[in-house]
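This report looks at how a metal ion and a second ligand are held by the chain that carries them. Please keep the sequence and the structure at hand while reading.

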Amino acid sequence: MKIYNTLTHRYEELEPIEPGHVGMYTCGPTVYDFAHIGNFRAYVWEDLLRRTLKFLGYRVTQVMNITDVEDKIIAKSVAEGLTLQQVTEPITQAFFEDLDTLRIERAEHYPRATEHIPEMLELARRLQERGLTYTSHGSLYFRIDEFENYGRLSNLENRQVMSGARVDSDEYAKDDVRDFVLWKAHKPGEPAWDSPFGPGRPGWHLECSAMSMKYLGKSFDLHTGGVDNIFPHHENEIAQSEGATGQPFVKYWMHAAHLMVDGEKMAKSKGNFYTLRDIREQGHEPRAIRLLLLGTHYRSPLNFTFPAVAQATAEVGRLDDLTARLDREPETVGRNGSFDGVVSTALDEFSSALADDLNISGALGAVFRLVREAHVAMDKAELPRDSRRGLRHALERLDGVLGVIAKPALEPDAEIDALIGQRNAARASKDFAEADRIRDDLVARGILLEDTPQGTVWKRRSAPEITPIRRGPTPRCREPPMPSRSIRRT
Ligand code: AMP
Ligand code: ZN
């Protein structure tokens with residue numbers, strides 16, 4: 001597989017330290033509020049990367065941190081009179097629910113910062129031992145001008161690095177290049193842990209260095225995040241880790257461009273964000289959100305619009321239509337093997353597109369060409385049993401990476417089948433009013449009927465109605481709720 005490495009600014013062949021096994025660290029959520037779909041662009045892309053690596057035959061060990069102590073969390077716990085855990089636990093649970101909703105595979109480890117304080121202190125102690133730190137007002141800082149390679153990842157050579165000016169906030173202004181805090185002195189009303197540097201709490205950067213190296217070793221293969229993580233967060237991770245171990249920290253760095261709204265990064269602070277829950281309340285299908293988020297190459301910004309959601313919904317519908325047709329139409333005769341070449345070409349194209357730095361447009365192109373050719377073959381009654389089995393197997397493999405095909409929808413729905421039976425009986429006895437009533441009820445539930453020579457077939461409505469985006473005076477963007485008849489059952 002070839003990937004673009006932010007560290008070297010080059011396309012490189014991925015050569016894991018241990019052949020066939022990729023160790024991968026992904027910066028995870030700060031659990032003070034629901035993640036927005038901008039965050040999920042990063043997580044869905046990282047899931048695409050993980051699934052692609054597995055599809056290409058690698059074993060993957062993925063680690064994602066849960067930041068459960070941080071300025072914003074503390075501010076919320078103070079404002080609401082809650083413990084840290086009372087703030088972070090429900091949000092962490094909601095995060096895992098959202099991962100499931102978007103079919104994001106679970107990583108192997110989700111270390112929480114508060115459960116790794118000893119590892120962070122040990123790392124800070126080693127940095128102190130190597131003369132890379134200084135103390136001021138009870139806080140321990142990293143002295144960046146003692147670390148020769150500072151700025152390599154973010155190309156800082158030409159920018160001014162202001163060593164000696166201290167930053168101890170977890171939130172950095174961009175381009176604010178200063179010594180960063182490793183251990184923050186205790187302030188009244190804040191949580192604190194005892195340490196050799198005095199009571200306090202860890203800085204945000206320290207946690208990712210300590211936890212990544214604990215689970216993946218001093219040197220590991222792949223580190224990912226959004227482009228906003230490059231500087232200062234990832235730059236500081238490199239400085240802390242290499243400063244402490246004297247060994248190269250990460251071989252390949254990959255970063256995703258942002259999800260944008262009206263030309264601006266979707267962000268909590270800008271108020272231009274949607275949570276996954278906002279979007280679901282409007283009746284949009286999570287699989288379509290997933291396809292939308294992964295359907296643009298990860299290094300290109302993706303503009304979020306509702307017409308784009310509708311288009312992704314229609315594309316998911318095309319996949320559903322094919323799987324439903326495969327399930328419902330009787331098998332045909334025909335020469336076995338005639339479709340196998342089409343299937344293997346699609347798999348080859350899909351695989352080589354993704355192996356080329358996750359070229360998702362090429363991969364999706366191969367999938368939708370296969371869908372089109374499958375319909376043509378079925379129209380011509382040229383998809384006999386074995387070819388059909390081969391096609392199904394290929395769709396399963398492709399969906400092992402994409403994660404957007406509706407598996408439950410493939411299973412016959414006994415209730416719907418029973419209603420179709422009642423409608424057919426009504427039609428047979430010329431009770432057309434009753435037949436129409438049953439059809440209308442089903443349509444109201446998003447189930448569309450089609451009477452074919454082989455009998456009545458049904459499918460789920462593929463695109464919910466679109467309501468235009470409405471911007472009110474409130475800082476959060478919300479649309480009016482979708483009418484209930486357009487909410488689809490899945
Ligand atoms: P945060 O909670 O801000 O630390 O972000 C968690 C992850 O989401 C990081 O990898 C960020 O780079 C990423 N992220 C935040 N906002 C966006 C956005 N609008 N588009 C894509 N990724 C984002
Ligand atoms: Zn991180």
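Is Cys27 buried or exposed? In this predicted model, Cys27 has a relative accessible area of 10%, and because buried residues are those under 20%, Cys27 counts as buried.

**The zinc site**

Cys27 contributes its SG atom to the zinc ion (ligand 2), which is also coordinated by Cys208 through SG and by His233 through NE2, at 2.1 to 2.2 Å. Read along the chain, the spacing of these donors is C-x180-C-x24-H. The pair of Cys27 and His233 thereby links distant parts of the chain, since 206 residues separate the two: Cys27 belongs to the loop between strand 3 (21-26) and helix 1 (37-55), whereas His233 is part of helix 6 (residues 230-245). With a relative accessible area of 1%, His233 is buried as well, because the cut-off for that class is under 20%.

**The pocket of ligand 1**

Ligand 1 occupies the largest pocket of the model. Two or more residues of the shell around ligand 1 come from helix 1 and likewise from strand 10 (220-226), and helix 1 makes the greatest contribution, with 4 residues. The shell comprises 15 residues, of which Gly38, Gly226, Asp228, Leu259 and Met266 come nearest to ligand 1. The polar contacts listed below involve both side-chain and backbone atoms of the protein.

| Residue | Protein atom | Atom of ligand 1 | Distance |
|---|---|---|---|
| Asn39 | side-chain N or O | oxygen | 3.1 Å |
| Leu259 | backbone N or O | nitrogen | 2.7 Å |
| Met266 | polar backbone atom | nitrogen | 2.8 Å |

Taken on its own, ligand 1 has 490 Å² of accessible area, and the protein covers 87% of that area.

**A buried glycine in a loop**

Which part of the chain holds Gly403? Gly403 lies in the loop that runs between helix 12 (385-402) and helix 13 (407-410). Although placed in a loop, Gly403 is buried, its relative accessible area being 3%. Gly403 also brings together parts of the chain that are separated in sequence, for Glu105 is 298 residues away along the chain, while the C-alpha atoms of Gly403 and Glu105 are 9.4 Å apart in space.

Definitions and conventions. Residues are numbered from 1 along each chain as its sequence is written. Chains are lettered from A and ligands numbered from 1 in the order in which they are written. This is a predicted model: local features need pLDDT of at least 70, side-chain atom pairs count only at pLDDT 80 or more; totals for chains, interfaces and linings use all residues. Side-chain values use heavy atoms; hydrogens and water are left out. Donors are N, O and S atoms within 2.8 Å of the metal (3.2 Å for Na, K and Ca); water is not among the atoms, so sites may look incomplete. Buried means under 20% relative accessible area, exposed over 50%, partly exposed in between (1.4 Å probe, protein chains only). A residue is near a molecule or strand if one of its heavy atoms lies within 4 Å of it. A polar contact is a pair of N or O atoms within 3.5 Å; within protein, one must be able to donate a hydrogen and the other to accept it, and residues adjacent in sequence count only if both atoms are side-chain atoms. Accessible areas come from the Shrake-Rupley method with a 1.4 Å probe; for residues, only the protein chains shown count as cover. On a 1 Å grid over the protein atoms alone, a cavity is a set of points where a 1.4 Å probe fits but cannot get out, and a pocket is an open set with protein on both sides within 12 Å along at least five of seven lines; lining residues have an atom within 4 Å of a point. A molecule sits in a cavity or pocket if more than half of its atoms lie within 2 Å of its grid points.
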